Amino acid sequence: MKKIAALFVSIALVVSLAGCKGNTATDTTGAGETTQKTETKTSEEKKEETQMEETIEKTIAGFDVSHMPEGGYTVALCNFSLGNTWRVQMVETFRQVAEEYKELGLIKEYYITNSDGDTAQQISDMEDLITMGVDIICLTAASPTALVPVVDEAMEEGITLISFDAGVDTDNVTASLVLDNTEFGRVDARWLADKIGGKGKVVVLAGQAGSKNAEQRVNGVNEVFAEYPDIEVAALSYCDYDYATAKAAIESIISVYNDIDGILSLGGAMSRACVDAYEAAGLELVPITGEANNGFLKMWNERQSEGFTSVCPISPNTSGAQALDLGLKAITGGEYKRENVFEIETVTDETLKDVVRTDLSDNYWAPSILSEEKLQELYGED
């Protein structure tokens with residue numbers, strides 16, 4: 001990883017500098033006299049070396065640690081749910097990167113909280129972290145509005161606060177890092193509208209009702225479908241991005257409607273549930289949008305030769321780790337942008353085989369920066 005590579009560069013520079021200091025050669029004359037021939041350096045060269053050594057000593061993994069507290073920073077991930085496998089992998093990725101920084105001495109301690117979708121509990125978690133005096137909080141919020149007062153409190157206490165994934169409705173944060181979820185919804189809606197010829201009956205499956213990212217995706221869908229008066233949304237169901245919830249929902253829907261032309265699923269596990277429900281009912285698959293969940297990618301890969309097709313916008317499961325990097329840049333005085341937005345990248349028929357991992361379980365999300373060892377530990381099927 002870049003952080004480790006940066007450390008290796010620093011070590012290499014230290015070694016090379018050590019080899020340059022005080023180079024002395026001894027020459028013995030024929031008469032037995034010994035004279036010293038010393039390579040001298042200009043005062044400017046010595047000054048540059050000293051400055052470089054001081055810079056290296058004050059840098060860990062590319063971060064200026066001149067004012068770092070003894071032992072490193074205390075950081076936290078304040079997460080609102082582990083209710084779907086994407087969030088589990090996001091937390092594992094945060095943990096891996098935090099452990100790397102801890103080994104380097106940049107992080108003293110880190111904490112990970114989970115409120116199980118309970119907004120009141122997440123507010124309590126935030127209050128606890130503030131009381132503990134953590135230096136950085138990476139927050140993915142259960143509610144875009146309810147968390148605002150406690151976010152304000154954290155900022156008042158001088159905590160570096162990075163809002164990511166599911167954001168909060170305030171500019172009073174150190175920085176934000178989000179996916180363009182409105183465009184995520186638009187991408188799915190444009191693709192499905194094209195596949196069904198701009199008319200027909202569709203079902204929309206969304207994430208957690210009330211969460212900012214889920215509502216933005218739905219808004220993007222609505223924007224596009226407003227351009228297609230002949231597309232009817234027969235049902236909109238919030239399924240928390242959860243396989244079991246989505247499967248129950250789609251089973252209920254297809255028991256009522258036998259003329260669905262397409263399914264716009266805004267989460268990969270929900271897409272997998274749709275395929276299973278349709279095939280269990282003996283129905284021919286309709287176009288189904290997805291997300292880069294390996295279970296759905298494998299389904300798509302297996303059925304691609306039969307004509308099944310999809311599109312899968314990617315929601316980076318690295319966002320928690322990237323929020324941590326952003327927090328460390330901010331607290332160490334590095335350059336950073338206050339508002340950061342991931343551009344939408346997609347898995348298509350042409351790129352599917354480059355992304356799907358047939359050797360890993362359905363719970364894996366692509367792509368990933370987790371080590372191969374960790375991927376096999378978490379998702380290996382051997």
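## A tour of the predicted model

Of the 382 residues in the protein chain, 48% count as buried. This is a predicted model. Its secondary structure comes to 13 helices and 15 strands. Take the contacts with a separation of 6 or more: residues 24 or more positions apart account for 69% of them.

**Stop 1: the largest nonpolar core**

Colour domain 1 (60-180 + 317-344) and domain 2 (181-313) separately. Now select Tyr101, Phe225 and Leu324. In the largest nonpolar core, which holds 49 residues, these three touch the most other members. Next, show helix α3, residues 85-104. Helix α3 supplies the largest share of this core, eight residues. Domain 1 and domain 2 each give the core at least three residues.

Centre on Leu324. What does Leu324 touch, leaving out residues up to four places away in sequence? Show Val75, Phe94, Val97, Ala98, Tyr101, Ile107 and Cys138. Tyr101 is thus a contact of Leu324, and both belong to the trio picked out above.

Another core lies apart from this one. It has 39 residues. Select Met270, Ala292, Phe308 and Cys312, which are among them.

**Stop 2: the second largest pocket**

Turn to the second largest pocket, with about 330 Å³ of space. Its lining has 23 residues. To find the centre, select Gly167, Val168, Ser176, Val178 and Lys212, the lining residues closest to it.

Which elements give two or more residues to this lining? Show β9 (175-179), α6 (181-195), α7 (212-225) and β14 (339-342). Strand β9 gives the most, with four residues.

Colour the lining by class. Seven residues are nonpolar, nine are polar and seven are charged.

Where does this pocket lie relative to domain 1 and domain 2? Both domains give residues to the lining, so the pocket lies between them.

**Stop 3: the largest cavity**

Next, look for enclosed space. The count comes to one cavity of 30 Å³ or more. About 50 Å³ of space lies in the largest cavity. Select its lining: Trp86, Asp165, Val178, Leu179, Asn181, Ser315, Pro316, Ser319 and Phe342. By class, the lining divides into five nonpolar residues, three polar and one charged. Keep Val178 highlighted: this residue lines the cavity and is also one of those closest to the centre of the second largest pocket.

**Stop 4: Val286**

Move to the loop between α9 (268-280) and α10 (294-303), and select Val286 there. Is Val286 buried or exposed? Its relative accessible area is 12%. The cut-off for buried is under 20%, so Val286 is buried.

Show what Val286 touches, again leaving out residues up to four places away in sequence: Ile260, Asp261, Gly262, Ile263, Tyr278 and Phe308. Phe308 is one of the residues of the 39-residue core from the first stop. Then measure across to Ile196. The two residues are 90 positions apart along the chain, and their C-alpha atoms are separated by 9.3 Å.

**Stop 5: Ser361**

Finish in the loop between α12 (352-355) and α13 (372-379), where Ser361 lies. Ser361 has a relative accessible area of 14%, so this residue is buried too. Which residues does Ser361 touch, beyond those up to four places away in sequence? Select Asn294, Lys298, Tyr379 and Glu381.

Key: Residues are numbered from 1 along each chain as its sequence is written. This is a predicted model: local features need pLDDT of at least 70, side-chain atom pairs count only at pLDDT 80 or more; totals for chains, interfaces and linings use all residues. Side-chain values use heavy atoms; hydrogens and water are left out. On a 1 Å grid over the protein atoms alone, a cavity is a set of points where a 1.4 Å probe fits but cannot get out, and a pocket is an open set with protein on both sides within 12 Å along at least five of seven lines; lining residues have an atom within 4 Å of a point. Grid points are joined across faces, edges and corners, and a volume is the space filled by probe spheres set on the points. Ala, Val, Leu, Ile, Met, Phe, Trp, Tyr, Cys and Pro count as nonpolar, Asp, Glu, Lys and Arg as charged, and the others, Gly among them, as polar. A nonpolar core is a set of buried Ala, Val, Leu, Ile, Met, Phe, Trp, Tyr and Cys residues joined through side-chain atoms within 4.5 Å. Buried means under 20% relative accessible area, exposed over 50%, partly exposed in between (1.4 Å probe, protein chains only). Domain bounds come from an automatic or database domain assignment. Contact means heavy atoms within 4.5 Å.
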